[in-house]
Amino acid sequence: MIQYHLIVSGKVQGVGFRYFVQMKAMHYDVTGWVKNLENGSVEIVASADKEALLSFIKEIKKGNLFISVEHLDIREEIPSRFASFRIR
């Protein structure tokens, strides 16, 4: 299991992005959390096996009709134990 800390910027607030991220996390069996930041970006902490996380991140980058990811900063962290994926 690995964990990534992501900061996502672009059109990611006010468009259902956190819910979108939560649904993708559930689909790929990713645990962690997502929250809006005051600067308009979104912070995500995601834990899973590497293959699941890479698929999860690929889906996030793609977005949907309402979401436009312009920049994604990713760094690996020491894994934490999360029971689920939550919106904060």
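Is histidine 5 buried or exposed? At 9% relative accessibility, histidine 5 counts as buried, because a residue is called buried under 20% relative accessible area. The legends below describe views of a predicted model.

**Figure 1. Overview of the chain: two helices and five strands.** From start to end of the sequence, the elements follow the pattern β-α-β-β-α-β-β. The radius of gyration is 12 Å, close to the 12 Å that the globule rule gives for 88 residues, so the chain is as compact as a globular protein of that length. Along the principal axes, the C-alpha atoms fill a box of roughly 30 × 25 × 20 Å. Of the 88 residues, 41% count as buried. Among contacts between residues at least 6 apart in sequence, 78% join residues at least 24 apart. The chain exposes about 5400 Å², and carbon and sulfur atoms supply 49% of that area. There are 12 positive and 10 negative charges, and the mean positions of the two sets are 4 Å apart.

**Figure 2. Close-up of histidine 5 in strand 1.** Strand 1 covers residues 2-11. The side chain of histidine 5 makes a polar contact with the side chain of glutamate 43, at 2.6 Å. Leaving out residues up to four places away in sequence, histidine 5 touches Glu43, Ile44, Val45, Asp73, Ile74, Arg75 and Glu77. Glu43, Ile44 and Val45 fall within the range of strand 3 (42-48). Asp73, Ile74, Arg75 and Glu77 fall within the range of strand 4 (68-77).

**Figure 3. Close-up of arginine 75 in strand 4.** Arginine 75 is one of the residues that histidine 5 touches. The C-alpha atoms of arginine 75 and histidine 5 are separated by 5.4 Å, although the two residues are 70 residues apart along the chain. Apart from neighbours within four places in sequence, arginine 75 is in contact with Gln3, Tyr4 and His5. At 45% relative accessibility, arginine 75 counts as partly exposed, whereas histidine 5, at 9%, counts as buried.

**Figure 4. Close-up of the buried residues of helix 1.** Helix 1 runs over residues 17-27, and its buried residues are Phe17, Phe20, Val21, Gln22 and Ala25. These buried residues pack against strand 1, strand 2 (31-36), strand 3 (42-48), helix 2 (50-62), strand 4 (68-77) and strand 5 (85-87).

**Figure 5. Close-up of aspartate 29, in the loop between helix 1 and strand 2.** Aspartate 29 comes just after helix 1. Its phi is near 60°, a positive value in a residue other than glycine. Most residues other than glycine have a negative phi. Aspartate 29 is exposed, with a relative accessible area of 62%; the exposed class begins over 50%.

**Figure 6. Close-up of aspartate 49, in the loop between strand 3 and helix 2.** A polar atom of the side chain of aspartate 49 lies 2.9 Å from the backbone nitrogen of alanine 52. Alanine 52 falls within the range of helix 2 (50-62). At 46% relative accessibility, aspartate 49 counts as partly exposed. The C-alpha atoms of aspartate 49 and lysine 24 are separated by 15 Å, and the two residues are 25 residues apart along the chain.

**Figure 7. Close-up of glutamate 59 in helix 2.** Glutamate 59 counts as buried, at 15% relative accessibility. Not counting residues up to four places away in sequence, glutamate 59 touches Phe20, Lys24 and Tyr28. Among these, Phe20 is one of the buried residues of helix 1.

**Figure 8. Close-up of serine 80, in the loop between strand 4 and strand 5.** Serine 80 touches Gln3 and Ser47, with residues up to four places away in sequence left out. Gln3 is also in contact with arginine 75. The C-alpha atoms of serine 80 and glutamine 3 are separated by 7.4 Å, with the two residues 77 residues apart along the chain. At 33% relative accessibility, serine 80 counts as partly exposed.

Key. Residues are numbered from 1 along each chain as its sequence is written. This is a predicted model: local features need pLDDT of at least 70, side-chain atom pairs count only at pLDDT 80 or more; totals for chains, interfaces and linings use all residues. Side-chain values use heavy atoms; hydrogens and water are left out. Helices (H or I, at least four residues) and strands (E, at least two) are DSSP runs, numbered from the N terminus. Buried means under 20% relative accessible area, exposed over 50%, partly exposed in between (1.4 Å probe, protein chains only). A polar contact is a pair of N or O atoms within 3.5 Å; within protein, one must be able to donate a hydrogen and the other to accept it, and residues adjacent in sequence count only if both atoms are side-chain atoms. Contact means heavy atoms within 4.5 Å. The radius of gyration is taken over C-alpha atoms; the globule rule is 2.2 Å times the number of residues to the power 0.38. Accessible areas come from the Shrake-Rupley method with a 1.4 Å probe; for residues, only the protein chains shown count as cover. Lys and Arg count as positive and Asp and Glu as negative; His and the chain ends are not counted. The place of a charge is taken as NZ of Lys, CZ of Arg, CG of Asp or CD of Glu.
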